[in-house]
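Biologist: Before we look at anything in detail, could you walk me through how one reads the features of a model like this one?

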Amino acid sequence: EAEIDTFKPVPFYTIVLELPEFSVSGERMADKAAAEQLKTACQGADVTVKKVERKDKTEKPPALYDLTTLQRDANRLLGYTAQQTLDYLQNLYEKKLCTYPRTDSRYLTSDMAEGLPVLVNLVANAMPFRKGIAISCDEALVINDKKVTDHHAVIPTRNLHGADLSGLPVGERMILELVALRLLCAVAEPHTYSETAVTVECAGAEFTTKGKTVKRPGWRALDAAYRAGLKNAEPDKETEDKALPDGGRLPELSEGQTLPLSSSAVKEGKTSPPKHFTEDTLLSAMETAGKDEMPEDAERKGIGTPATRAGILEKLVSTGFVERKKQKKTTNLIPTQIGVSLITVLPEQLQSPLLTAEWEHQLKEVERGEVKPSEFMDGICNMLRDLVGTYKVIDGSQVLFPSDR
């Protein structure tokens with residue numbers, strides 16, 4: 001939030017040239033006068049095709065859900081909080097419609113390979129969004145014994161067969177559909193397309209555009225069908241970036257060819273501040289917090305575990321340190337004044353996930369009998385004595401907590 005507060009937007013200018021059947025844009029420019037000058041220069045100059053590059057690209061299917069990735073998607077697509085997603089999933093688990101929720105693995109074990117095609121078929125037949133889409137099942141994509149610790153990824157169970165899904169509460173049904181979609185996508189064919197990047201030259205400057213032609217929709221067909229059924233889903237960032245005004249197809253072009261210029265324009269934009277945290281992005285940040293500074297063998301990296309992250313967020317909201325603010329379709333998580341005050345007065349050491357990683361590490365040593373439990377506790381007592389003994393009150397901190405807390 002501090003970064004957002006101190007952010008000053010900087011204007012930039014881009015020149016867009018309209019050519020027959022497609023448009024190209026230039027580099028961002030900081031100087032408006034220079035941009036206008038280039039635009040004028042382009043109007044009287046030839047547009048020459050410098051480079052045409054065609055690449056065939058393949059997008060592999062996504063991995064299955066662990067709890068955190070499911071919570072992130074459910075927040076982004078359905079607007080559920082992390083806690084709501086966990087609650088719905090727990091209910092589905094108790095109704096034996098989904099596997100164990102509190103997992104941090106995104107793979108299945110090899111003993112599950114044999115039954116997978118049957119499960120995939122069952123799930124496909126129970127889902128409304130896959131009508132007319134052929135289902136394939138490549139088990140190898142989701143089986144990896146090395147990547148499964150205590151629990152495998154979250155998937156629907158065979159009990160879907162013959163279950164009355166319309167009788168489920170809406171939240172549970174939506175989460176079940178999301179988990180089902182991910183299973184079907186994860187074992188589906190890759191999404192293949194060819195991408196054409198074109199660079200043209202005009203008045204000494206380069207302009208570029210990209211076009212995309214889908215060869216085989218693969219797993220994205222399921223994904224698109226599911227999103228089409230959501231009332232107010234966020235459009236898919238991936239496909240949106242690649243979607244071009246003319247449907248993504250570029251005319252046949254060859255290097256050295258000269259093109260007529262229909263028109264040119266200077267478009268003004270502004271740099272944008274970082275975005276506020278949502279449950280989706282904060283869960284992701286918690287998962288990777290302090291990762292780079294942590295020792296390789298740290299037992300757990302990040303803040304919290306898949307089982308506790310939702311609870312941590314809920315506790316911050318219920319104690320009034322963070323609030324949920326809805327803006328348009330997004331709900332942002334914003335620190336309150338008292339939350340910011342608390343962080344301002346807390347000793348640096350207590351603000352770092354490294355402390356937890358260090359404790360986890362020592363507890364592992366206690367477990368292996370390398371460190372005595374009393375030594376671990378003494379370390380914590382010494383740290384507390386040290387913190388209380390050397391702590392300096394921040395000047396003016398009474399302003400931060402007007403209620404004498």
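Modeller: What follows goes through strands, backbone angles, single residues and a pocket in turn. Please keep in mind throughout that this is a predicted model.

Biologist: Let me begin with strands; how do the side chains along strand 2 point, and which of them are buried?

Modeller: The general idea is to read a strand residue by residue, asking which face each side chain points to. In strand 2 (residues 22-25) the side chains alternate, with Phe22 and Val24 buried on one face, while Ser23 and Ser25 point to the other face and are not buried. Strand 2 runs antiparallel to strand 1 (residues 11-19), the two being joined by 4 bridges, and within this pairing Phe22 stands opposite Leu19.

Biologist: Which residue takes a positive phi in the hairpin of strand 1 and strand 2?

Modeller: That residue is Glu21, whose phi is near 75°, in a hairpin that has 2 residues between the strands. Positive phi values are also found elsewhere in the model: Lys96, although not a glycine, has a phi of about 60°, and it is found in the loop between helix 4 (82-94) and helix 5 (116-126). Lys328 is another residue other than glycine with a positive phi, here near 50°, and its place is the loop between strand 9 (322-327) and strand 10 (330-335).

Biologist: Why do Lys96 and Lys328 count as exposed?

Modeller: The reasoning needs a cut-off, since exposed means over 50% relative accessible area. Lys96 counts as exposed because its relative accessibility is 55%, and Lys328 does so because its value is 82%.

Biologist: What sheet do strand 9 and strand 10 belong to, and what is its strand order?

Modeller: Here one reads the order of the strands and then the sense of their pairing. The sheet is an open one of 3 strands in the order 8-10-9, with antiparallel pairing; strand 8 (277-278) and strand 9 are its edge strands, each pairing on one side only. Strand 9 and strand 10 pair over 6 bridges, and Lys326 has Thr331 of strand 10 as its bridge partner.

Biologist: Turning to single residues, is Arg130 buried or exposed, and what does it contact?

Modeller: For a single residue I would take location, accessibility and contacts together. Arg130 is found in the loop between helix 5 and helix 6 (170-186), and it counts as buried because its relative accessible area is 18%. Leaving aside neighbours within four places in sequence, Arg130 is in contact with Ala124, Asn125, Ile135 and Leu222, and a polar atom of its side chain lies 2.8 Å from the backbone oxygen of Ile133.

Biologist: Where does Thr69 lie, and with which side chain does its own side chain make a polar contact?

Modeller: Thr69 lies in helix 3 (residues 67-78), and its side chain makes a polar contact of 2.5 Å with the side chain of Asp66. Thr69 is buried, with a relative accessible area of 14%, and, not counting residues up to four places away in sequence, it touches Leu64 and Arg106.

Biologist: Finally, how much space lies in the largest pocket, and what classes of residue make up its lining?

Modeller: A pocket can be read from its volume first and its lining afterwards. The largest pocket holds about 1,400 Å³ of space, and of the 39 residues that line it, Leu282, Ile303, Leu316, Ile343 and Gln351 are the closest to its centre. Elements that give two or more residues to this lining include helix 9 (279-288), helix 12 (353-367) and strand 10. By class, the lining has 24 nonpolar, 11 polar and 4 charged residues.

Conventions:
Residues are numbered from 1 along each chain as its sequence is written. This is a predicted model: local features need pLDDT of at least 70, side-chain atom pairs count only at pLDDT 80 or more; totals for chains, interfaces and linings use all residues. Side-chain values use heavy atoms; hydrogens and water are left out. Buried means under 20% relative accessible area, exposed over 50%, partly exposed in between (1.4 Å probe, protein chains only). Two strands pair if DSSP finds at least two bridges between them. On a 1 Å grid over the protein atoms alone, a cavity is a set of points where a 1.4 Å probe fits but cannot get out, and a pocket is an open set with protein on both sides within 12 Å along at least five of seven lines; lining residues have an atom within 4 Å of a point. Grid points are joined across faces, edges and corners, and a volume is the space filled by probe spheres set on the points. Ala, Val, Leu, Ile, Met, Phe, Trp, Tyr, Cys and Pro count as nonpolar, Asp, Glu, Lys and Arg as charged, and the others, Gly among them, as polar. Contact means heavy atoms within 4.5 Å. A polar contact is a pair of N or O atoms within 3.5 Å; within protein, one must be able to donate a hydrogen and the other to accept it, and residues adjacent in sequence count only if both atoms are side-chain atoms.
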